[in-house]
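The following paragraphs lead through one protein model, beginning with the pairing of its strands and moving on to charged side chains and a metal site. Please keep the sequence and the structure at hand while reading.

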Amino acid sequence: MVTRRRMIGAALATGGGVLLLRTTQHPAASATATAASAGDGAHTHPAGTDADPGPDAGPALAQKFTTALPLPPVLSPVATDNGADTYTMTMLRSFARILPGRRTDVLTYNGAFPGPVIRARSGRPVIVRQTNLLDDPVSVHLHGSSVPPDSDGGPMNLLDAGATRTYTYPNAQPHASLWFHDHAHHLESEHVYRGLAGTYLLTDATEAALPLPSGRYDLPIALRDARFDTAGNLVYRMDDAEGRATILANGRPWPRVDVAARRYRIRLLNSSNLRFFSLRLADGGPITQIGSDGGLLERPHTTDTVDLSPGERADVVIDFSRYRPGTGVVLTNSMPPGPAEHVGQVLRFDVGRPAPDPSAVPDRLRTLAPPGPAVRERTIVLKVETGGGLAPRGLIDGKAYDPARVDASVAFGTSEIWTVVNANTDIPHNFHLHLVQFRVLARNGAAPGPGEAGLKDTVRLMPGESVRLQAVFDSYRGRYPYHCHLLDHSAMGMMAQLEIT
Ligand code: C2O
Ligand code: CU
Ligand code: CU
């Protein structure tokens, strides 16, 4: 049982682009966190004890860039009849070889760490039969999808230990790089941290008609952080942003990515619980962002930095033909916390020989219809409350999550504008809305940057920031959550519920 936790907030120093850290000791666990680990003799994990696990015992610096980036397995359907693709997945404990010479216990979909990839096409439903062989209840959520409430994998729609159920994904939405992950309330943060996350790539005719790099030149890369004990196991402590000093790309620390000297499409996902990334090529070279959470941008935009908060995706194209064969190009991260020699380098692209490259990035990638007039405006305030010797609480509009309460009632078929405010001055948050892909209208009163001009389901809110977004609720009726996607925060209560009627 946890009797003390550390609350760590990372804060952005205004203008400097440098994150500062604030560390506060709290004498008691939060009520939500206590509930999560109470009465859990059959829990999946030994973590949450008060004993200091020691500093992150991740890989040695000498192991940088010595292992190849693995690509997660692509699942094959078990049936393709009746106009749908059916998959089966089993959630089970397994082990992964993350660190050289050591085995790490992980929670997996089908034994894969990170989880497998499902490739789907708009207009063709996917049915996933999930069996839970773990000791905890789970809930499988397809992040970024438009699905009926029963298949949304909400926090209370649990799949008990030992049980099987079917999730149906209509795929009645345009292409997008989605991901699936656990969402069982209070357990989601630890479950995702221990491995319950996978990739779901939805394509459509619009995307397929473009000459973008494809096949082996289209790499999904999920980034996250982790903290290891000396035995090589993952240490989970709530709010442990500072302790997680090992960055994993597709489940490996500092991998090497062998690339041909040509264009690649790279689909970046931040699957961390708490860590924000600010990614650059070490030489400052151009990165062409072509997509975000909800698929392609209208136009590509060239940048030297890609920022990703937990749950966000960025689809980028990098042209390695500008490098001499034999060049190593490191992908760097400038976001603390953690020692720069550990968290400052993510992976290295090792450029090989040129390869034929028929790909191109057209100036026009897609057209997005403007969202039309909104019928209602709301303000949503995110805040972690700390101090007074009390446990930190995650709040939306002053309230912790209550599944019995509807916090926002929306009329079906209408469009709304939500202004989301981060009321903390020293803790970053982000905001994720289930069911819809929204448009960012403004960030701190100004037009959003080009990387946020497309469809989004998760948006970054650095300390004190506000974002105005607009969503159209015309797909399904029912109840869906919205929350901060720093999963340790949503597990602390920073989640609310909307009902479309
Ligand atoms: Cu990525 Cu409510 O989830
Ligand atoms: Cu989601
Ligand atoms: Cu948060």
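In this predicted model, a convenient place to begin is strand β23 (residues 376–387), which runs parallel to strand β26 (residues 414–422) and is joined to it by seven bridges. Within this pairing, Ile-380 has Val-420 of β26 standing opposite. Strand β23 also pairs with strand β24 (residues 390–396), here in the antiparallel sense and through five bridges, and in this second pairing Gly-387 faces Leu-390 of β24. The two strands β23 and β24 make up a hairpin with two residues between them, and Gly-388, which lies in the turn, has a positive phi of about 65°.

Strands of a sheet pair through backbone hydrogen bonds, and they may do so in either the parallel or the antiparallel sense. Another sheet of the model is open and consists of four strands in the order β4-β3-β6-β8, with mixed pairing. Its edges are formed by β4 (104–109) and β8 (164–169), each of which has a single partner strand, so that one side of each is left without a neighbour in the sheet. On average, neighbouring strands of this sheet are turned by 20° against each other, when direction is ignored. Inside the order given above, β3 and β6 pair in the parallel sense over seven bridges, and Tyr-87 is found opposite Val-128 in β6.

Strand β7 (residues 140–143) deserves a separate look, and one may ask which residues cover its two faces. Val-140 and Leu-142 lie on one side and His-141 and His-143 on the other, and all of them are buried, so that both faces of the strand are covered. Strand β7 pairs with strand β9 (residues 176–182) in the antiparallel sense over four bridges, and Leu-142 stands opposite Phe-180 in β9.

Turning from backbone pairing to charged side chains, the count of salt bridges in the model comes to 29. One of them links Arg-124 to Asp-85, with the closest N and O atoms 2.8 Å apart. Because Arg-124 lies in the loop between β5 (117–121) and β6 (126–132), while Asp-85 belongs to strand β3 (residues 85–96), the pair ties together parts that are 39 residues apart in sequence. The two partners can also be described by their accessibility: Arg-124 is partly exposed, with a relative accessible area of 27%, whereas Asp-85 is buried at 12%.

A further salt bridge is formed by Arg-275 and Asp-225, whose closest N and O atoms are 2.9 Å apart. Here Arg-275 is placed in the loop between β15 (263–270) and β16 (277–281) and Asp-225 in strand β11 (residues 218–226), so the pair connects parts that are 50 residues apart in sequence. Arg-275 is buried, with a relative accessible area of 3%, and Asp-225 is likewise buried, with a value of 2%. In the salt bridge between Asp-350 and Arg-348, the side chains meet at 2.6 Å, N to O; Asp-350 counts as buried at 15% relative accessibility, while Arg-348 is partly exposed at 24%. Salt bridges also link Asp-293, Glu-312, Arg-313, Lys-456 and Asp-457 in a network.

Arg-366, in the loop between β22 (345–354) and β23, presents another situation, and the question is which contacts its side chain makes with backbone oxygens. Arg-366 is buried yet has no salt bridge, and the nearest side chain of opposite charge, Asp-204, is 5.4 Å away, which is to be read against the 4 Å limit used for a salt bridge. The side chain of Arg-366 does, however, reach the backbone oxygen of Gly-294 at 3.1 Å, and it reaches the backbone oxygen of Leu-296 at 3.1 Å as well.

Finally, the model contains a copper ion (ligand 3), whose protein donors are the ND1 atom of His-429, the SG atom of Cys-484 and the ND1 atom of His-489, at 2.0 to 2.1 Å from the ion. Along the chain, the donors of this copper ion follow the spacing H-x54-C-x4-H. Of these residues, Cys-484 and His-489 are both buried.

Technical notes:
Residues are numbered from 1 along each chain as its sequence is written. Chains are lettered from A and ligands numbered from 1 in the order in which they are written. This is a predicted model: local features need pLDDT of at least 70, side-chain atom pairs count only at pLDDT 80 or more; totals for chains, interfaces and linings use all residues. Side-chain values use heavy atoms; hydrogens and water are left out. Donors are N, O and S atoms within 2.8 Å of the metal (3.2 Å for Na, K and Ca); water is not among the atoms, so sites may look incomplete. Buried means under 20% relative accessible area, exposed over 50%, partly exposed in between (1.4 Å probe, protein chains only). Two strands pair if DSSP finds at least two bridges between them. Axes are lines fitted to C-alpha atoms, for helices over the stretch in contact, and angles run from 0 to 180 degrees between N-to-C directions. Lys and Arg count as positive and Asp and Glu as negative; His and the chain ends are not counted. A polar contact is a pair of N or O atoms within 3.5 Å; within protein, one must be able to donate a hydrogen and the other to accept it, and residues adjacent in sequence count only if both atoms are side-chain atoms.
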